[in-house]
Amino acid sequence: MLYRKGQLIGWGDSDVKDLIDAANAAVINEETKTRKLTYDEYFKIIIHDWFEIFVNEGITEKAIKHLNQRIQHVRFHHVLKYSENGLPYWRYIADSNSMMSDPELQSAYGITHLLSTGALKNLKRCGLDDCRKFFIGRSNVRWCSKSCGSLFRVRQKRKRDRD
Ligand SMILES: [Zn+2]
């Protein structure tokens, strides 16, 4: 996610998928802890860490404060957007010049947008120990996919059969 100079950056609901993919693709291990990371690697790890906080602690006042501190230097443009239903609407769009090559800032900007649209309301983590992927799901859903759910049930059954 690198932006050209002078580009205006807006986020929509569909971006939640991109950020979830980024968080799930984050590589956090001994090797990435000790060497210099690329922009992309760093970006993914930051998103991952934020999502982990939201899943574990919820969207707290502390987290919001922290996000606001990160984005305080982003400059915004107030833009009138075209809408197909005939009702144009206002939107704040960030100026990419103010956050060029800063993954901390750029990830915070993306997350604040998704929080404000409610797109992260049902953010969850897969209940299967060796999956643990982030996903958006209804309150009763515990696994990121059908296959994780059935694998979990198979393991539960095996455990019961052993005991
Ligand atoms: Zn899963």
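Colleague: Where does Arg-132 lie?

Modeller: Arg-132 sits in the loop between β4 (123–125) and β5 (134–136). Helices (H or I, at least four residues) and strands (E, at least two) are DSSP runs, numbered from the N terminus. This is a predicted model: local features need pLDDT of at least 70, side-chain atom pairs count only at pLDDT 80 or more, and totals for chains, interfaces and linings use all residues. Residues are numbered from 1 along each chain as its sequence is written.

Colleague: What is phi of Arg-132?

Modeller: Phi is near 55 degrees, a positive value in a residue other than glycine.

Colleague: How do I read its burial: which class does Arg-132 count as?

Modeller: Count the other C-beta atoms, placed from the backbone, within 10 Å of the residue's own: 20 or more is buried, 12 or fewer is exposed, and in between is partly exposed. Arg-132 has 14 such neighbours, so it counts as partly exposed. Two other cases: His-73, in the loop between α4 (61–71) and β2 (76–81), is exposed with 10. Asn-56, in helix α3, is exposed with 8. Over the chain, buried residues make up 22% of the 163 residues.

Colleague: What is the overall layout, from the N terminus on?

Modeller: The elements run β-α-α-α-α-β-β-α-β-β-α. That is 6 helices and 5 strands. The C-alpha atoms fill a box of roughly 65 × 45 × 30 Å along the principal axes.

Colleague: Which residues touch the most other members of the largest nonpolar core?

Modeller: The general idea comes before the case. In soluble globular proteins, nonpolar side chains tend to be buried together. A nonpolar core is a set of buried Ala, Val, Leu, Ile, Met, Phe, Trp, Tyr and Cys residues joined through C-beta atoms within 7 Å. Here the largest core has 22 residues, and Val-16, Leu-19, Ala-23, Ile-47, Phe-51 and Leu-114 touch the most other members. α1 (15–24), α3 (39–57) and α5 (103–117) each supply at least two residues. The largest share, 6 residues, comes from α3.

Colleague: At what angle do α1 and α3 pack?

Modeller: Fit axes as lines to C-alpha atoms, for helices over the stretch in contact; angles run from 0 to 180 degrees between N-to-C directions. Under 35 degrees is roughly parallel, over 145 roughly antiparallel, 65 to 115 roughly perpendicular, and the rest oblique. α1 and α3 pack at about 100 degrees, with axes 7 Å apart. They are therefore roughly perpendicular to each other. Contact means C-beta atoms, placed from the backbone, within 7 Å. Leu-19, Ala-22 and Ala-23 in α1 meet residues of α3, including Phe-43, Ile-47 and Phe-51.

Colleague: And how close do the axes of α3 and α5 come?

Modeller: Within 9 Å, crossing at roughly 45 degrees. That makes α3 oblique to α5. Among the residues making the contact are Tyr-39, Ile-46 and Trp-50 of α3, and Pro-103, Ser-107 and Ile-111 of α5.

Colleague: How many residues of α6 are buried?

Modeller: The number is 0 of 17, so α6 lies largely in the open. To check helix length, take the expected span as 1.5 Å times one less than the number of residues. α6 (residues 146–162) reaches 24 Å from its first C-alpha to its last, close to the 24 Å expected.

Colleague: How much of the contact set joins residues 24 or more positions apart?

Modeller: They account for 55% of the contacts in the chain with a separation of 6 or more.

Notes: Contact = placed C-beta atoms within 7 Å.
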